[in-house]
Amino acid sequence: MSASSARSLKIFVGNIAWTVGHRELRNYFSQFGKVSWAQVVFDRKTGLSKGYGFVSFQKKTALENLERNQKHILDNTPIFFQHTD
């Protein structure tokens, strides 16, 4: 797989609740397909979530499944995603 095709399977996820960690993010997005990795971004000084993260999928079908679902709610908070090309 080339670097460009791997990048196209990566998404930015915004508006993540402060209670959500890497595991919860991975678990939520795994319902759409196999997740390669998921990471919530944390502030290095405070250790608190910055409210966003990234998810990478193994197959493009996962992105297609994700886009079919119009509303995404994780830990009672609406989240949004955007492709990172």
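Start by selecting helix α2 together with strands β1, β2 and β3: the helix lies across these three strands, running at about 140° to β2. Helices (H or I, at least four residues) and strands (E, at least two) are DSSP runs, numbered from the N terminus. The angle runs from 0 to 180 degrees between N-to-C directions, with axes as lines fitted to C-alpha atoms, for helices over the stretch in contact. Contact means heavy atoms within 4.5 Å.

A word on what you are viewing: this is a predicted model, in which local features need pLDDT of at least 70, side-chain atom pairs count only at pLDDT 80 or more, and totals for chains, interfaces and linings use all residues. Residues are numbered from 1 along each chain as its sequence is written, and side-chain values use heavy atoms, with hydrogens and water left out.

Now select α3, which lies across β1, β3 and β6 and runs at about 140° to β6.

**The sheet**

Hide the helices and look at the open sheet, where 4 strands follow the order β2-β3-β1-β6 with antiparallel pairing. Two strands pair if DSSP finds at least two bridges between them. At the edges stand β2 and β6 (80–83), each with a single partner strand, so one side of each has no neighbour in the sheet. On average, neighbouring strands here are turned by 20° against each other, direction ignored.

Zoom in on β1 and β6, which are joined in the antiparallel sense over 4 bridges. Pick I11 and you will find its bridge partner in β6, H83.

**The core**

Bring the helices back and select I11, V13, L25, F29, V55 and F57: these have the most contacts inside the largest nonpolar core, a group of 20 residues. At least two residues of this core come from each of β1 (10–14), α2 (22–29), β2 (35–42), β3 (49–57) and α3 (60–68). A nonpolar core is a set of buried Ala, Val, Leu, Ile, Met, Phe, Trp, Tyr and Cys residues joined through side-chain atoms within 4.5 Å. Buried means under 20% relative accessible area, exposed over 50%, and partly exposed in between (1.4 Å probe, protein chains only).

Centre on V13 next. Leaving out residues up to four places away in sequence, V13 touches L25, F29, G51, Y52, G53, V55, I79, F80 and F81.

**The aromatic rings**

Show the side chains of F12, Y52, F54 and F80, which form one aromatic cluster. Rings of Phe, Tyr and Trp (its six-membered ring) pair if their centres lie within 6.5 Å; planes under 30 degrees apart count as stacked, over 60 as edge-to-face and the rest as tilted. The whole structure holds 8 such aromatic pairs. F12 and F80 make a tilted one, 6.1 Å centre to centre with 50° between the planes. This pair links distant parts of the chain, with F12 in strand β1 and F80 in strand β6, 68 residues apart. Y52 and F54 form an edge-to-face pair at 6.2 Å centre to centre, with 90° between the planes.

Add K10, which lies over the face of F54 at 5.0 Å from the ring centre. A charge sits over a ring if NZ of Lys or CZ of Arg is within 6 Å of the ring centre and within 35 degrees of the ring normal.

**Last stop**

Finally, select T77 in strand β5 (residues 77–78). T77 is buried, with a relative accessible area of 19%.
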